[in-house]
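Okay, thanks for squeezing me in. Let me put the structure up, and then I'll talk you through a couple of spots.

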Amino acid sequence: MAKKPVIGVLGGGQLGRMLIEAAGPLGIEVVVLDEENCPARQINVNSKHVTGSFKDPEKVRELARRVDVLTVEIEHVNTEVLEEIATKGVDVDGRMKKVQVHPSWETIRLIQDKYLQKEFFHNNGLPVAAQIALQSGAAMKDDLRKAGESLGFPFMLKARKGSYDGRGNFKVDSEGDFEQAIAEMGKLSLYAEKFLPFKQELAVMVLRTEDDEGKLRNVHAYPAVETIHEESICTKVFYPPRKTSQKVCDKARQAAADVIRGLKGRGVFAVEMFVLADDSVVVNEVAPRPHNSGHYTIEAVPYMSQYKAQLYAILDVVPPSIKLQPRVSGAIMLNILGGAKENSHDTLVDLTQSLYHDDMDVFLHLYGKASKPGRKIGHITATSCSPDTDLEQLAAPLTRAVDRMRQERINAASAQLRPDAPATSQASTALTSSSRDTKTPLVVVTMGSDSDLHVLKGAFEVLEKFRVPYDFTITSAHRTPHLMSELAKSAAGRGIRVLIAAAGGAAALPGMLASETTVPVIGVPVKATHLDGVDSLHSIVQMPRGCPVATVGINNSTNAALLAVRILGTSDAGYRQAMADYIQGMCDEVVHKAARLSEIGWKAYLEKK
């Protein structure tokens, strides 16, 4: 009887753990290289486990001696030692033993460098964003300037290697961001990429098979799913994608298959894509492994989940004809990220156990990790077999609970305003850091001219006080209409919730923005040289039907920012509570003043004022 092959995995985090969960019922032995108590090791206790770092060449060789084929849980591995093991072999009692690596070490090496990855796709006729390699050091500023001229503003500055979950990305809105970009990323190997104002993000998992000589057998694509990213981390996945035509989904599926067809090695790959305004699809990046966007397949495609597919591909036992169509009509995957407290997710776990509906099944996966703010510690999948079921509505309690955890985490990290005593007229203590966020702002403040900047001081102070992630820029409706239009059209896709626009005179900016975005726009009339700002007020407030702009008083940017916080509070409990605290603080201040006036009399009160 032939010996059953053993699979070795570099990395024992949540992906390794779920791979082992899939391997158990199939009788497939898996050995892991990672820390002693890593998530995978917790459910896979065997004498072959290799304790150490998967970046340590000698530990990788030790794992290779114990297994028949190697795969990876994460692409940030040492490809030189993988190449050595696959092509020359590893010494086992004086004999060189070659061990296959899937996906190929060549593919992993290519994908590790995001610039080379996309150059490869571009050279193979696949749709990717325009990009430019950059130098580091003294030449970087000149290269950034050239990138701005070639790609236009804004553009994305990205690290070529070692980045994931949004790390290593910096959005460059103008030359004014160069110094900060150099300070934050100047020591990395970088490239600049054209910013694409996408309307949706899709992902497709693809199963690739080949023979032992490296000849492609086939690629099989799972259906497209919609992915939602917050703070650059995938937090939600929807199958099928919402408000997306079958034509676009088929286009994404075909593009993903074409991408993976050109790579090497067996296994499951994730292809992340942008859908642009014209419904064209652009490839963003590829992961050579199971992925967040494929977790839903554990329950939705039980006969061939992404983990079972990974195992079958590595062992080369994938049936030649296979359909990766889910057996459910809909699925929603929610990532569980560590909350503000170690036990923040307990309420969510309790909810999964109590939430019941005839048309919805709920599945909880915890990864055996200690909870830290923002750390992936589990996921929840809700599925329905009924095409008439509004799964998003049924799963809303879960979604709200996940969003609450996120907001509590944000509030704790930013030390949001919480008045503990009646406010006084004394100046408040300065915040230790700005809440400005050039990458993922919730509010963007723009003005028609830098002469309006002094008017917006009140708005900036309020946004800082409430710790709202915000950004600011200058976009003239008359002098730079293309920049104004780009800001408006890209706002929703970037996750911006509110636009605040200040303008004087003809004051066209707020209305023009509102005409090109679905995001609420708040106009701030600026007091100009003539008519004391009444002209600006009338211009902004008298918008035609169908194109509303919320309008505050002349020069009153403070109210604009407070209204923005209230808008955020309609969906974020943290901002809603912070606003309630602020209102209570104002009330307490009036009560305090009234008591003081009554105590000392009007003459003494005026003298003190």
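I'll start with one strand and its neighbours, and then move to a pair of helices.

Quick reminder before we dig in: this is a predicted model.

So, the strand I want you to find is β16, residues 267-275. How many of its residues are buried? 9 of 9, so to speak a mostly covered strand.

Now look at who sits beside β16. On the β12 pairing, that's residues 200-210, there are 9 bridges, and the two strands run antiparallel. If you want a landmark there, take Met205, which stands opposite Ala270 of β16.

Then there's β17, residues 281-287, also paired with β16: 6 bridges, antiparallel. Here the landmark is Val275, whose bridge partner in β17 is Val281. β16 and β17 make a hairpin, with 5 residues between the two strands. Have a look at Asp279 while you're in that turn, since its phi is positive, about 70 degrees.

Okay, over to the helices. I mean α1, residues 14-23, and α11, residues 306-315. Their axes come within 9 Å, with a crossing angle of roughly 75 degrees. An angle from 65 to 115 degrees counts as roughly perpendicular, and therefore that's what we call α1 and α11.

Which residues meet there? From α1 you've got Leu15, Met18, Leu19, Ala22 and Ala23, and from α11 Tyr307, Lys308, Gln310 and Leu311. Sorted by class, this contact between α1 and α11 has 7 nonpolar residues, 1 polar and 1 charged.

That's my tour; happy to rotate anything you'd like to see again.

Technical notes:
Residues numbered from 1 in each chain as written. Predicted model: local features only at pLDDT ≥ 70, side-chain atom pairs only at ≥ 80, totals over all residues. Heavy atoms only, no water. Buried < 20%, exposed > 50% of the residue type's maximum accessible area, 1.4 Å probe, protein only. Helix = DSSP H or I, 4+ residues; strand = E, 2+ residues; numbered from the N terminus. Pairing = 2+ DSSP bridges. Axes fitted to C-alpha atoms, helices over the stretch in contact; angles between N-to-C directions. Parallel < 35°, antiparallel > 145°, perpendicular 65-115°, else oblique. Contact = heavy atoms within 4.5 Å. Nonpolar A, V, L, I, M, F, W, Y, C, P; charged D, E, K, R; others polar.
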